[in-house]
Amino acid sequence: MDALETRELAYFVMVAEELHFGRAAERLGIAQPPLSRAIKQIEQRLGVTLLERSSRKVTLTSAGAVLLHEGRKALDAVAAAGRRAQRAGQQEPRLVVVLKPGGDSGLLGEILSAYAEEPDSVPVEVLVCGIGEQAGILRDGRADVGILQRPYDDLSGFDTEELRAEGAVAVLPVGHRLAGERDLIMADLAGEPLPRWPGMSAEDAAGPLVRDSGQLLQLIALGQAVAVMPDSVRRHLTDDLVAVPVLDGPVTTILVAWPERSRSRAVAAFVRAATSERALLAAVR
């Protein structure tokens, strides 16, 4: 079997995401007939059907779902190689660290101080991204290192070191019926308006759609939602919010993550700083 070209993968991924040949062709800037021919050629070369086509819709087969998942990773890897090579060739190299708002559990400041003392350190650019974007930004090469959270981030393709594990709290408005409780279990929150993050359906959570933690905390203060969040969120709460421990809530593990098989001395120095005794002592304070 001949190897698939990057261009062919990009064509397939676009069709698989849109599930519509016309829209995919428009986004790619090509005509629809050559796009349709390219997808058929890929199917013939692989010997499998990737897309089921009818007059009304296009759907992915199981083989197509696998190629979409793996194809995205492959395209990200190609893009990452180019971006990292560009940064490595700059006259003044830098290290880009990505995290979501509040995603470092208060550890990053101490890590950066420890990193500055490493002999292989370079200037650092901190990229604070939207909720759920951090793993993708690290994977496609826009960042060199990430502060990620298990179980919420996709860690495939990364090496990781654990920095801190923390329990869960329910964040409630001060006037909520449960605000005075010493602790809770998840069943106590049944029927409450838990937030919907991008990608979640109304079946997953009944509360409002939110896109960042600041928006969420404001909605909670207004009585429009409650949320189960990592314990470190306490540092960001205003007087109109309370945090109550949730005994059986999810445990969040804060990790430093970097691309597998990275040979960057700057990345290695950052990982050393993140896992140093100094940084780990900050994690337990």
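1. The second largest pocket of this predicted model takes the largest share of its lining, 10 residues, from helix H4. H4 is joined by H6 and by helix H8 (265–274), each of which supplies at least two residues of that lining. The volume of this pocket is about 660 Å³, and among its 27 lining residues those closest to the centre are Ala 80, Arg 84, Asp 144, Pro 259 and Ser 262. Sorted by class, the lining of the second largest pocket comprises 14 nonpolar, four polar and nine charged residues.

2. The largest pocket encloses about 1100 Å³ of space, and of the 44 residues that line it, Lys 100, Ile 131, Gln 149, Tyr 152 and Trp 197 are the closest to its centre. Two or more residues of its lining come from each of helix H4 (62–88), helix H6 (134–139), helix H7 (213–221) and strand E8 (227–230). The class counts for the lining of the largest pocket are 20 nonpolar, 13 polar and 11 charged residues. When the two pockets are viewed together, it is worth following H4 and H6, since both helices appear in the lining of the largest pocket and also in that of the second largest.

3. Strand E8, which contributes to the lining of the largest pocket, also belongs to an open sheet of three strands, arranged in the order E8-E7-E9 with antiparallel pairing. E8 and strand E9 (241–246) are the edge strands, each pairing on one side only, and neighbouring strands of the sheet are turned by 40° against each other on average, with direction ignored. Helix H7 packs on this sheet and touches E7, E8 and E9, its direction making about 55° with that of E7. Strand E7 (residues 168–173) pairs with E8 in the antiparallel sense over four bridges, and Val 171 has Ala 227 of E8 as its bridge partner.

4. Towards the start of the chain, the reader may wish to look at how helix H1 (residues 6–18) meets helix H3 (residues 32–46), for their axes come within 10 Å and cross at roughly 110°. H1 and H3 are therefore roughly perpendicular to each other. On the H1 side the contact is made by Glu 8, Tyr 11, Phe 12 and Val 15, and on the H3 side by Leu 35, Ala 38, Ile 39, Ile 42 and Arg 45. By class, this contact has seven nonpolar and two charged residues, with no polar ones.

5. H3 also packs with H2, and here the axes come within 9 Å and cross at roughly 105°, which makes H2 roughly perpendicular to H3. Phe 21, Gly 22, Ala 24, Ala 25 and Leu 28 of H2 make this contact with Gln 32, Leu 35, Ser 36 and Ile 39 of H3. The contact of H2 with H3 has six nonpolar and three polar residues, and no charged ones. Leu 35 and Ile 39 of H3 thus deserve a look in both packings, as they are listed in the contact with H1 and again in the contact with H2.

6. Two details of the backbone are worth checking by eye. Leu 19, in the loop between H1 and helix H2 (21–28), has a positive phi of about 50° although it is not a glycine. Arg 150 and Pro 151 are joined by a cis peptide bond, with omega about 15°, and Pro 151 is placed in the loop between strand E5 (145–150) and strand E6 (158–166).

Methods: Residues numbered from 1 in each chain as written. Predicted model: local features only at pLDDT ≥ 70, side-chain atom pairs only at ≥ 80, totals over all residues. Heavy atoms only, no water. 1 Å grid on protein atoms, 1.4 Å probe; cavity = no way out; pocket = protein on both sides within 12 Å on 5 of 7 lines; lining within 4 Å. Points joined across faces, edges and corners; volume = space filled by probe spheres on them. Nonpolar A, V, L, I, M, F, W, Y, C, P; charged D, E, K, R; others polar. Axes fitted to C-alpha atoms, helices over the stretch in contact; angles between N-to-C directions. Parallel < 35°, antiparallel > 145°, perpendicular 65-115°, else oblique. Contact = heavy atoms within 4.5 Å. Pairing = 2+ DSSP bridges.
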